[in-house]
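Biologist: I should like a close look at a single part of this protein, namely its largest nonpolar core. Please describe that core first and then relate the rest of the chain to it.

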Amino acid sequence: MSTNIFIIAHAPLAHALRECALHVFADCGSAVLALDVQPHVPPEESLALAQTLLRRFGTEPTLILTDVFGATPCNIAQRLIDGVHARLVTGVNLPMLLRAISYRAEPLEAVASRAVVGGMQGVMQVAATAPQYQTFRRNSHDQDPYSHQQ
């Protein structure tokens, strides 16, 4: 039994992330759901819709991904997972989602862990040009002369 993924985020992020995932993993459509939380819809209505969507997965394990901890989508997701075989991870980004999809065959706990790692590894500062062509200017507060290469 593989882990399903349910993205709950501020509109239009959830569906946009799902569409990006389907671009890479065209065969995962039935395993990835999205709910865009609309700005003028009461949270109770969004929760009811989320419950309806989650029923599609039955009792299968589900990883729920939200965008911002403490915001309405996350609060809805927290209420949604009561009594359900699910894990909730906030801070969703595309690398996190793709990593979660890649490892859906693993147990739910492992998928959640891999999603977090994928999300963190997908965030990095990238130089405008290749490091070998940059002139390095060391500021007095720089501790590591090679920090631009990390």
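Modeller: The account below begins with the chain as a whole, turns to the core and its strands, and ends with the charged pairs and the surface.

The model is predicted. Its protein chain contains 5 helices and 4 strands, and from the N terminus these elements follow the order β-α-β-α-β-α-β-α-α. Of the chain's 150 residues, 37% count as buried. Many contacts span long stretches of sequence: among those between residues at least 6 apart, 64% join residues at least 24 apart. The accessible surface of the chain is about 8,900 Å², and carbon and sulfur atoms account for 55% of that area.

The largest nonpolar core has 22 residues, and the members that touch the most others are Ile5, Ile7, Leu63, Leu65, Leu97 and Ile101. Several elements each supply at least two residues to this core: strands S1 (4–10), S2 (32–37) and S3 (62–66), together with helices H1 (13–24), H4 (94–102) and H5 (108–121). A second core, separate from this one, has 15 residues, including Leu33, Leu54, Phe57 and Leu80.

Leu97 offers a useful point from which to view the largest core. Setting aside residues up to four places away in sequence, Leu97 touches Ile5, Ile7, Leu17, Arg18, Ala21 and Leu65. Of these contacts, Ile5 and Ile7 are, like Leu97 itself, among the core members that touch the most others.

Strand S1 deserves particular attention. S1 is mostly covered, with 6 of its 7 residues buried. It pairs with two other strands that also contribute to the core. With S3, S1 pairs in the parallel sense over 5 bridges, and within that pairing Ile64 of S3 is the bridge partner of Phe6. With S2, S1 also runs parallel, here joined by 6 bridges; in this case Ala34 of S2 is the bridge partner of Ile7. In a regular strand, side chains alternate between the two faces of the sheet.

The charged pairs may be considered next. Side chains of opposite charge can pair when their charged atoms come close. A search of the whole structure finds 3 salt bridges. One of them involves a residue already met as a contact of Leu97: the side chains of Arg18 and Glu19 meet with an N to O distance of 3.8 Å. Arg18 counts as buried because its relative accessibility is 17%, which is under the 20% limit. Glu19 has a relative accessibility of 47% and therefore counts as partly exposed.

Another salt bridge joins Glu109 to Arg87, with the closest N and O atoms 2.1 Å apart. Glu109 lies in helix H5 and Arg87 in strand S4 (residues 86–90), so this pair ties together parts that are 22 residues apart in sequence. Both partners are partly exposed: Glu109 has a relative accessible area of 43%, and Arg87 has one of 35%.

There is also a salt bridge between Glu106 and Arg114, whose closest N and O atoms are 2.8 Å apart. Glu106 is partly exposed at a relative accessible area of 24%, and Arg114 is likewise partly exposed at 30% relative accessibility.

Helix H5 supplies at least two residues to the largest core, yet it also holds Met120, which has a relative accessibility of 57% and therefore counts as exposed. Together with Val116 and Val117, Met120 forms a nonpolar patch on the surface, and the three residues have about 240 Å² of accessible area together. Met120 and Asn93 are 27 residues apart in sequence, while their C-alpha atoms are 9.1 Å apart in space.

Ser46 provides a contrast with Met120. Ser46 is placed in helix H2 (residues 43–54) and counts as buried, because its relative accessibility is 6%. Leaving out residues up to four places away in sequence, Ser46 touches Leu35, Val37, Val41 and Ile76.

In summary, the core you asked about draws on strands S1, S2 and S3 and helices H1, H4 and H5. Strand S1 pairs in parallel with S3 and with S2, and Leu97 touches both Ile5 and Ile7.

Key. Residues numbered from 1 in each chain as written. Predicted model: local features only at pLDDT ≥ 70, side-chain atom pairs only at ≥ 80, totals over all residues. Heavy atoms only, no water. Core = buried A, V, L, I, M, F, W, Y, C linked by side-chain atoms within 4.5 Å. Buried < 20%, exposed > 50% of the residue type's maximum accessible area, 1.4 Å probe, protein only. Contact = heavy atoms within 4.5 Å. Areas by Shrake-Rupley, 256 points an atom, 1.4 Å probe, with all protein chains shown as cover. Patch = residues over 30% accessible without salt bridge, like charges linked within 9 Å, V, L, I, M, F, W, Y side chains within 5 Å. Salt bridge = Lys/Arg side-chain N within 4 Å of Asp/Glu carboxyl O. Pairing = 2+ DSSP bridges.
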